[in-house]
Amino acid sequence: MAAKKENVNLTYDALWFKIFMDSLDIKFYGKEIFISSGLAGNQSVFMQMLGNIGGYARTTDFDKDIDVVIISDKMLDDFKNGIKDKFIQMLEDKINGSNTPYRKLKFTTENLLLETLKTRANGRIRTNSKDLKDEKNTIELNALITQAIERDELMLSMIKRYKDSAKEVQQTIF
């Protein structure tokens, strides 16, 4: 007799725990990434940041190919306050489906992703700036290190642009 599969009741606490556990270990390179609705800032800038780290971002066609789900901070805040978005209900339904691949999804939030990208870029700039000072480097190696620094500076500028776009949206609302 086969064991009975337990249904998942997706609560805010359960989702937040999953996000907390997954966020430290998510790899984006080569992954299919689904972005929920309700992002605070410019969606195209957000998607470009994910593309710059090798992820394939989308906002439609939530299917079995998805590896990572990014939940907007607004949607998560609403869920915390008792408002269960239709997307979260759809997630619960898919997780509880028969022979579902959706139990393997990794989750993070808009803000956690931004902080991860910022920390990563700053750390790489610090390391590469130190490496650039090595007198044993060839001209070619220094050129590659400089390009890497420029890519990380671009990421930091994109994060700032995204956050600024979120402020602009909030200012037009109030």
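**Exercise 1. Work out the strand order of the sheet from the pairings.**

Step 1. Strands β3 and β4 run parallel and are joined by four bridges. In this pairing, Val69 stands opposite Phe107 of β4. The model used throughout these exercises is a predicted one.

Step 2. Strand β1 is joined to β3 by three bridges, and these two strands run parallel. Phe34 stands opposite Val69 of β3.

Step 3. Three bridges also join β1, which spans residues 32-35, to β2, again in parallel. Here the bridge partner of Phe34 is Arg58 in β2.

Step 4. Put together, the pairings give an open sheet of four strands in the order β2-β1-β3-β4, with parallel pairing. Strands β2 (56-58) and β4 (106-109) each have a single partner strand and stand at the edges, so one side of each is left without a neighbour in the sheet. From one strand to the next, the twist averages 25°.

**Exercise 2. Decide which way the side chains of β3 point, and place a helix against the sheet.**

Step 1. The general rule is that side chains in a regular strand alternate between the two faces of the sheet.

Step 2. In β3, Val68 and Ile70 point one way, while Val69 and Ile71 point the other way. All of these residues are buried.

Step 3. Helix α2, residues 43-52, lies across β1, β2 and β3 (68-71). The helix runs at about 160° to β1.

**Exercise 3. Describe the protein chain as a whole.**

Step 1. Count the elements: the chain has six helices and four strands. Along the sequence they follow the pattern α-β-α-β-β-α-α-β-α-α.

Step 2. Consider the extent: along the principal axes, the C-alpha atoms fill a box of roughly 65 × 55 × 25 Å.

Step 3. Consider burial and surface. The chain has 174 residues, and 36% of them count as buried. Its accessible surface is about 11,100 Å², with 53% belonging to carbon and sulfur atoms.

Step 4. Consider the contacts between residues at least 6 apart in sequence: 80% of them join residues at least 24 apart.

**Exercise 4. Examine helix α1: which residues make a nonpolar patch, and which pair forms a salt bridge?**

Step 1. Trp16, Phe17, Phe20 and Met21 make a nonpolar surface patch of about 450 Å². Phe17 lies in helix α1, residues 12-23. With a relative accessible area of 53%, Phe17 is exposed, since the cut-off for exposed is over 50%.

Step 2. The side chains of Lys18 and Asp22 meet in a salt bridge, at 2.9 Å from N to O. Both residues lie in helix α1, four residues apart, which is about one turn of the helix.

Step 3. Compare the two ends of this salt bridge. Lys18 is partly exposed, at 27% relative accessible area. Asp22 counts as buried, at 5%.

**Exercise 5. Follow other salt bridges in the structure.**

Step 1. Start from the total: a search of the whole structure finds nine salt bridges. In general, side chains of opposite charge can pair when their charged atoms come close.

Step 2. One of them joins Asp25 and Lys27, with the closest N and O atoms 3.8 Å apart. Asp25 is partly exposed at 44% relative accessibility, and Lys27 is exposed at 55%.

Step 3. Another joins Lys163 and Glu115, where the closest N and O atoms are 3.4 Å apart. Lys163 lies in helix α6 (residues 139-173) and Glu115 in helix α5 (residues 110-132), so this pair ties together parts 48 residues apart in sequence. Lys163 is partly exposed, with a relative accessible area of 28%, and Glu115 is partly exposed at 33%.

Step 4. Glu32, Arg58 and Asp63 belong to one network, joined by salt bridges that share partners.

**Exercise 6. Locate two residues with a positive phi, and state whether they are buried or exposed.**

Step 1. Most residues other than glycine have a negative phi.

Step 2. Asp61 has a phi near 60°, a positive value in a residue other than glycine. Asp61 lies in the loop between β2 and β3 and is exposed, with a relative accessible area of 56%.

Step 3. Asn99 is not a glycine either, yet its phi is positive, at about 50°. Asn99 sits in the loop between α4 (86-95) and β4, and at 76% relative accessible area Asn99 is exposed.

Conventions:
Residues numbered from 1 in each chain as written. Predicted model: local features only at pLDDT ≥ 70, side-chain atom pairs only at ≥ 80, totals over all residues. Heavy atoms only, no water. Pairing = 2+ DSSP bridges. Axes fitted to C-alpha atoms, helices over the stretch in contact; angles between N-to-C directions. Contact = heavy atoms within 4.5 Å. Patch = residues over 30% accessible without salt bridge, like charges linked within 9 Å, V, L, I, M, F, W, Y side chains within 5 Å. Areas by Shrake-Rupley, 256 points an atom, 1.4 Å probe, with all protein chains shown as cover. Salt bridge = Lys/Arg side-chain N within 4 Å of Asp/Glu carboxyl O. Buried < 20%, exposed > 50% of the residue type's maximum accessible area, 1.4 Å probe, protein only.
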